[in-house]
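Here is a short tour of one structure, written for someone meeting it for the first time. Keep the view open while reading.

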Amino acid sequence: MSGFVAGLCVAVLPLLAAGFWLGRRTARPESLGGLGTPVEHATFQTLHTASLAAPALRAGLTEETARKSARRLRSLLGTDALCLTDDTHVLAWDGVGAHHRAEIMECLTGPLETGRGEAFPLTCDAPDCTLRWAVVAPLTVDDRVHGALVACAPRESAVLVRAAGEVARWVSVQLELADLDQSRTRLIEAEIKALRAQISPHFIFNSLAVIASFVRTDPERARELLLEFADFTRYSFRRHGDFTTLADELHAIDHYLALVRARFGDRLSVTLQIAPEVLPVALPFLCLQPLVENAVKHGLEGKADKCHISITAQDTGAEALVVIEDDGAGMDPDLLRRILAGEVSPSGGIGLSNVDDRLRQVYGDDYGLVIETAVGAGMKVTARLPKYQPGVHSAGRVTRE
Amino acid sequence: MYSGYAVPAVALVVVATVLVGAFGLRISRTTSDFYVASRTVGPRLNAAAISGEYLSAASFLGIAGLVLVQGPDMLWYPVGYTAGYLVLLVFVAAPLRRSGAYTLPDFAEARLASQAVRRLAGAFVVGVGWLYLLPQLQGAGLTLTVLTGAPDWLGGIIVAVVVTAIVAAGGMRSITFVQAFQYWLKLTALLVPALFLVLAWQGDGAPRNAFDEPAAFREQRVVRVDDTLDLKLDKPLTVTVSGTVDGRAYEEQRLDLPAGTHRIEQSTRLTFDKGTPVPRADPASGGGMSPSRAENRAERPLYATYGLILATFLGTMGLPHVVVRFYTSPHGVAARRTTVAVLALIGGFYLLPPVYGALGRLYAPELTLTGDADAAVLLLPERMIGGVGGDLLGALVAGGAFAAFLSTASGLTMAVAGVLAQDVLPARGVRHFRRGTVLAMAAPLVASVLVGGLPVADAVGLAFAVSASSFCPLLVLGIWWRRLTPPGAAAGMLVGGGSAFLAVAATMADFPGAGPLHALLAWPALWSVPLGFLTMALVSLATPSRVPAGTAAILARFHLPEEVRAEVKA
């Protein structure tokens, strides 16, 4: 008996879930019950149909989006046939009389040139075809004609001409929005490229100076440091791919710290605690090294004694949690907030805000840096890196054992 | 078997798991040496972790129980559980790793760029995870009952609470080490007692009639019947009874039962003489248990065997807790090497449970009567060796069994909770993951209290069937067929996985009872897997315009080794 009950539960649960989902998908906001006058109802219906056509058009004018929206637009105009064209082809034909495609494209050359609406009669040999008139309304984006909306009807009607013109203007607005969307995407891509971290000129200068100081006294050490420097610069100057793996980023940090240690000697100590599970995580290229650089700077700034930096990376299921902590001078939280908000330009480097921006660009606003600090209390920077994010793939070299 | 050592052994395993989980990272990786700290998990360690997570209660207890009841036919179970990794190795391992996906929904999204398919895959991950968790909790309940006489539900609740606490507290920080530790623990817990048992068997004159039909009692044996059952006799049987048989009460009376079916009421004690063949038993109808599906297997053994083979061979690749472990491999080649090592480790492990099953047929044949066949592994050390040594070995086995519940349950809970937190529950954040954990464990816990009696290995088989009919088509076609479309994938998963799921539900609800239809529903893989593949392929072919835009680039990434890709890009 209990087995039966449990089996029933197992069977009913997915059904309930599916029903809930279907219900939410199909629930129509137009079920206003008995509210409103018939006119209000009609207005609402029209707006609702228009809003249904909008999402497809927001992706631009292609065959697929035209097909999806043509049906809605035809019910909006109430005609027998409606077609959407670009400047050379019919993209979608909804309704009867699809054999008029070629004829309509011939008649379209005029309106597409001038950008003016037109109505013209159709000639048809088919006995059962009722379409006698076509109303053309061009679709324009930034004063350039992109295509046309053609509504076909059995007789000439001034109302239809006006209505088709209005619908075409509304479609044009949607297409303009699509254009805006595209430019915004391009802008974000350009921003990511521009934000791509660069190593600071100070660092190059300081490293070379340190290496130079070893050349006479300890040539072997100088050689090693030069190799570290070469490795680090090769990593940071590479041009392919915007993403790397945590393992490669840690190697770069290692080279970086070797150079820093050569400069500061015993004053700097580092502990690492890395869960091996998160080493393959892909992350934006050079997004942890600036944090370490920042920690070194804060840790050694304005004090003569030792500084300790700890770097931990933990596995938290679907995310990796990276924490970089120093016991240095810390910072006034308000100042930090203003630096991150872009109100004050920081004294040296653009490390933290750059990393924060890039993480938000790639993973979304939930994944910005979390920074805990106070004057004299050190600084703790936490970054959450999802193990999987669409479009994030490391293109780095493969670390071989 | 109420041994004083078992409870400390179980407690020790739980504590050791928590400690390794919490501090393994600290011990192993606190260093300022970058080379040591950023060393990736090698194939062997990762393989031990995957094996540790994979070897569940079904492997540890269930297989021995099935071999005990059904004989050598059941060796298909370990073969299937192992061979699943061969299919995984050949078709899936390296491309899956290269896809960069952490979970199966991630893979669906990476391949098909569709949120809807992602959510559907998430739903199936939760379904398969719950189906797989259920037998883990039941197994824990059974183990604790056998060891201490505690009520059925207590073991399940202990495992549920421990696992939820560990996972929710984020205690599995070094999960690879924990799971690798669990593998070696489980292997030791079966291997060491097995050696002693085989020695004892040798000392007993090495009787070789383990698989004689029917099994016979080797010495006088008292059997207490806990649940009312029907005894089916082919030949007359002489037995000493105290209790109720066929509605009449007896008190220590010798009874000659003629051939036919006899009803034994609960709490009856039967004393069998040495050499008596063990009668077949059916749990009586209305006795609170679903009839063992094993009984019906006898009706169509060939069909059931093929169903089992298909489910286990193709289902392994879709197990949510197995897939996430492959992410730890640094690249595709390492993922393949890991899979080869897993094959070796699991293959080695699976040599042991059949030994217990065979010895169980010799030394504890009455377990087929009481329905506790899954407990054979736990009972044998005490039965065959006895004394303090037997108790200690029994405690070791018990500890290993709990390790099996803990490792598999924690891996599954993490996988299910991850999906619940990411794709189902609304907001995000750490506390949110904890809510997901509780939900992930609560559902199977409630179900395990409600559903009794489904044999552990069978219940796991159902989870495999659902996984094989939903995720196997998605993974195989997703990796090897460029014309797969989102609607095709969704339809294939819904039809294949959904029908397998309904079949599972019908089986659990004991719907058709018996006959060919029951067999079809009890072993759905043989029809639901082709159905899933066919639907996915046909719907994909019917919607050619929906092939995702970047398919060629995505498939190139799946199949090109990482070095080649890096060179091409450079």
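Start at a turning point in chain B: G149(B) comes just after α7(B) and takes a positive phi of about 75 degrees. This is a predicted model, and its values are computed from it.

## The helix before the glycine

Helix α7 of chain B covers residues 115-148. How many of its 34 residues are buried? The count is 29, so α7(B) is mostly covered, given that a residue is buried when 20 or more other C-beta atoms lie within 10 Å of its own. Its length can be checked as well. At 1.5 Å a residue, the 34 residues should span 50 Å. The end C-alpha atoms of α7(B) are 49 Å apart, which agrees.

## Domains

Chain A is assigned two domains: domain 1 takes 42-193 and domain 2 takes 196-386. Their C-alpha centres lie 55 Å apart. In chain B, domain 1 is assigned in three pieces, 6-27, 42-204 and 302-453. Domain 2 of chain B is 221-277. Between the C-alpha centres of these two domains of chain B there are 37 Å.

Some totals for chain A help to set the scene. The chain holds 11 helices and 12 strands. Of its 401 residues, 36% are buried. Among its contacts with a separation of 6 or more, 64% join residues 24 or more positions apart.

## Two nonpolar cores

The largest nonpolar core has 178 residues. Which members touch the most others? They are A376(B), L380(B), A398(B), V416(B) and V504(B). Helix α17 of chain B, residues 387-424, gives this core its largest share, 20 residues.

A398(B) deserves a closer look. Setting aside neighbours within four places in sequence, A398(B) is in contact with A6(B), A9(B) and V10(B). Its other contacts of this kind are T143(B), L147(B) and L378(B).

A second core is separate and has 51 residues. Among them are F243(A), L257(A), L279(A) and L300(A).

## Two sheets in chain A

Chain A has an open sheet of five strands with antiparallel pairing, in the order β2-β1-β5-β4-β3. The edge strands are β2 (90-95) and β3 (118-121), and each pairs on one side only. On average, neighbouring strands here are turned by 20 degrees against each other, direction ignored. Inside the sheet, β4(A) and β5(A) pair in the antiparallel sense over nine bridges. There, A134(A) stands opposite C152(A) in β5(A). Helix α3 of chain A, residues 63-77, packs on this sheet and touches β1 (81-86), β2 and β5. The direction of α3 makes about 35 degrees with that of β2(A).

Another open sheet of chain A also has five strands, in the order β7-β9-β10-β12-β11, but its pairing is mixed. Why do β7 (268-274) and β11 (370-373) each have one side without a neighbour in the sheet? Both stand at the edges with a single partner strand, so one side of each is left without a neighbour. Neighbouring strands in this sheet are turned by 10 degrees on average, direction ignored. Strands β9 (residues 307-316) and β10 (residues 319-326) of chain A pair in the antiparallel sense over eight bridges. One bridge joins T316(A) to E319(A) in β10(A). Helix α8 of chain A, residues 246-264, lies across β7, β9 and β10. It runs at about 165 degrees to β7(A).

## Two loop residues with positive phi

Back to backbone angles. In chain A, D142(A) has a positive phi although it is not a glycine. L286(A) also has a positive phi and is a residue other than glycine. Are they buried or exposed? The table sets them side by side.

| Residue | Phi | Loop in chain A | Other C-beta atoms within 10 Å | State |
|---|---|---|---|---|
| D142(A) | about 50 degrees | between β4 (133-141) and β5 (144-153) | 9 | exposed |
| L286(A) | near 50 degrees | between β8 (282-284) and α9 (289-300) | 22 | buried |

D142(A) is exposed because 9 is within the limit of 12 or fewer. L286(A) is buried because 22 meets the limit of 20 or more.

Note on methods
Residues numbered from 1 in each chain as written. Chains lettered and ligands numbered in written order. Predicted model: local features only at pLDDT ≥ 70, side-chain atom pairs only at ≥ 80, totals over all residues. Domains from an automatic or database assignment. Helix = DSSP H or I, 4+ residues; strand = E, 2+ residues; numbered from the N terminus. Contact = placed C-beta atoms within 7 Å. Core = buried A, V, L, I, M, F, W, Y, C linked by C-beta atoms within 7 Å. Pairing = 2+ DSSP bridges. Axes fitted to C-alpha atoms, helices over the stretch in contact; angles between N-to-C directions. Expected span 1.5 Å × (residues − 1).
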